[in-house]
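Here are some notes to read alongside the structure. Take them one point at a time, and find each residue on screen as you go.

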Amino acid sequence: MQFIPKKKIAGIFLALALAIGGCSNNAVPTTSPPKVEESSKQVSTADSQTATTKDTAPTTVAPGQKLRISYIDVGQADSILIQIPNGKNVLIDAGNNGDANTITSYLKKQGVSKLDIVIATHPHEDHIGSMDKVINTFDIGQVIMPRKDSTTQTYKDMITAIQNKGLKITEAKAGLKLELGSEVNALLIAPNSVSYEDVNNYSAVLKLSYGTNTFLFEGDAQEQSENEMVNSGFNLKADVLKVGHHGSHTSSSIAFLAKVQPKYAVISVGQGNSYGHPAQTTIARLTNIGSKVYRTDQSGTIVAEADGTNITFNVIANEVQPRAPSTTTSTPPPAAPSSTTSNPAPVPASSAALVHYVVNTKSLKFHLPTCSGLPTTNRADKDSTRENLIKEGYSPCGICKP
């Protein structure tokens, strides 16, 4: 499973501008992809399903010991710290390039000196922007990332940092079990394919169990990857979902959420971001299935603590300044987690209650995305209400009865 990047990054760096799916991307130079070696640990879909049933099963935890997960407020980006009572630490993503001090300072405040596992979900700047600084700052045990290179300077910097420390890269793929001790079961359930048109779908997706508490970290996985996870037979059910792609309408499909059934959803998103994240349709889908939604743009850094049975949420307001323009001119000092926690307010349910439908533009039928009679031609996606579609001349499918 492990592969070693080239000792030297070859190639001439060419300025490119990427504009992919709402994730931030800058004009960047090119770099050679890391060398990938096949591993005997790669599992088939069937093996993955077997492993999932076993590896995401409840674990035995010590009374009073708590798993702590920090959804760090890095604006329009992702960075998540998982702290296991046995002392092991995992970092999922490292924000934008400008978030290095924020992330390293936060980790040090939490007593982190070693990151046993670092996961770079996919090579977009808002997920690996400060990964080089993180790798240079902390003792790193294992680096996990998908088999997808990038032409960006940010990616080149990360690979250089990995090389300079003599670290190996473990390929992220469905079925990869993370070794973090007996207290947790941690398994990657995506990516399930080796090639995607959209880079976001390469996202490493982690399912983690602690006692009977379960967490799902989706990166920027979009509907294609979500459908693969649904069809793979993985047990997707999770108490807490880190919502995919900053709450974009391209993630959090109805079929996927129906499998996950999250009690809580966390969206890492920047205030006033230019992408319009999170989408109102995503908020509506989450609230329609009964999820309480927490957002870093509204609550700052969000901390979930699990004792194996119950999960509680706290926030660390103003820990990180949002990337979006602010009306304030001063920067308040970071607050100590133990003294500044409070209960975040969940996002109120949407009054619009938009639902994602698939319509047949010829027959003027509309369907649920899970319908067995979806049109193969003349189809289009619509986020709307049932009433509005009927007003537009559409009629409900007789099979799925939306």
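1. **Aromatic pairs.** Let us begin with a rule: two rings of Phe, Tyr or Trp (its six-membered ring) count as a pair if their centres lie within 6.5 Å. Planes under 30 degrees apart are called stacked, those over 60 edge-to-face, and the rest tilted. Please keep in mind that this is a predicted model. Applying the rule gives 6 aromatic pairs. One of them joins Tyr 264 and Phe 313, with 4.8 Å from centre to centre and 50 degrees between the planes, and it is tilted. This pair connects distant parts of the chain, since Tyr 264 belongs to strand β13 (residues 264-267) and Phe 313 to strand β16 (residues 311-316), 49 residues apart. Elsewhere, Tyr 71, Phe 215 and Phe 217 make up one aromatic cluster.

2. **The strand around Phe 313.** Is Phe 313 buried or exposed? Its relative accessible area is 6%, and the cut-off for buried is under 20%, so Phe 313 is buried. Its strand tells a similar story: β16 has 5 of its 6 residues buried, so the rest of the structure largely encloses it.

3. **A hairpin to trace.** Now look at the partner of β16. Strand β15 (residues 301-306) pairs with β16 in the antiparallel sense, over 6 bridges. You can check the alignment at Thr 301, which stands opposite Ile 316 in β16. The hairpin has 4 residues between its strands, and Gly 308 there takes a positive phi near 100 degrees.

4. **The open sheet.** Which strands form the open sheet, and in what order? There are 7 of them, running β8-β9-β10-β11-β12-β13-β14, with mixed pairing. At the edges stand β8 (177-178) and β14 (292-295); each has a single partner strand, so one side of each has no neighbour in the sheet. Within the sheet, β10 and strand β11 (residues 213-217) are antiparallel and share 5 bridges. As an example, Ser 209 has Thr 214 in β11 as its bridge partner. As a general reminder, strands of a sheet pair through backbone hydrogen bonds, either parallel or antiparallel.

5. **A buried loop residue.** Where does Ser 203 sit? You will find Ser 203 in the loop between β9 (184-190) and β10 (205-210). Although it is in a loop, Ser 203 is buried, with a relative accessible area of 0%. Beyond its neighbours within four places in sequence, Ser 203 has contacts that include Thr 121, His 122, Ala 190, Pro 191 and Glu 218. Gly 219 is also in contact with Ser 203; the two are 16 residues apart along the chain, yet their C-alpha atoms are separated by 5.5 Å.

6. **A covered helix.** Helix α8 (residues 280-288) is mostly covered, with 7 of its 9 residues buried. Among the buried residues are Ile 283, Ala 284, Arg 285 and Leu 286. After α8 comes Gly 290, with a positive phi near 90 degrees.

7. **One cavity.** How many cavities of 30 Å³ or more does a search of the whole structure find? The search finds 1, and the largest cavity holds about 40 Å³ of space. Its lining includes Tyr 71, Ile 72, Asp 78, Lys 242 and Val 266. Sorted by class, the lining has 4 nonpolar, 2 polar and 2 charged residues. Tyr 71 therefore deserves a second look on your screen: this cavity-lining residue is also part of the aromatic cluster with Phe 215 and Phe 217.

Definitions and conventions
Residues are numbered from 1 along each chain as its sequence is written. This is a predicted model: local features need pLDDT of at least 70, side-chain atom pairs count only at pLDDT 80 or more; totals for chains, interfaces and linings use all residues. Side-chain values use heavy atoms; hydrogens and water are left out. Helices (H or I, at least four residues) and strands (E, at least two) are DSSP runs, numbered from the N terminus. Buried means under 20% relative accessible area, exposed over 50%, partly exposed in between (1.4 Å probe, protein chains only). Two strands pair if DSSP finds at least two bridges between them. On a 1 Å grid over the protein atoms alone, a cavity is a set of points where a 1.4 Å probe fits but cannot get out, and a pocket is an open set with protein on both sides within 12 Å along at least five of seven lines; lining residues have an atom within 4 Å of a point. Grid points are joined across faces, edges and corners, and a volume is the space filled by probe spheres set on the points. Ala, Val, Leu, Ile, Met, Phe, Trp, Tyr, Cys and Pro count as nonpolar, Asp, Glu, Lys and Arg as charged, and the others, Gly among them, as polar. Contact means heavy atoms within 4.5 Å.
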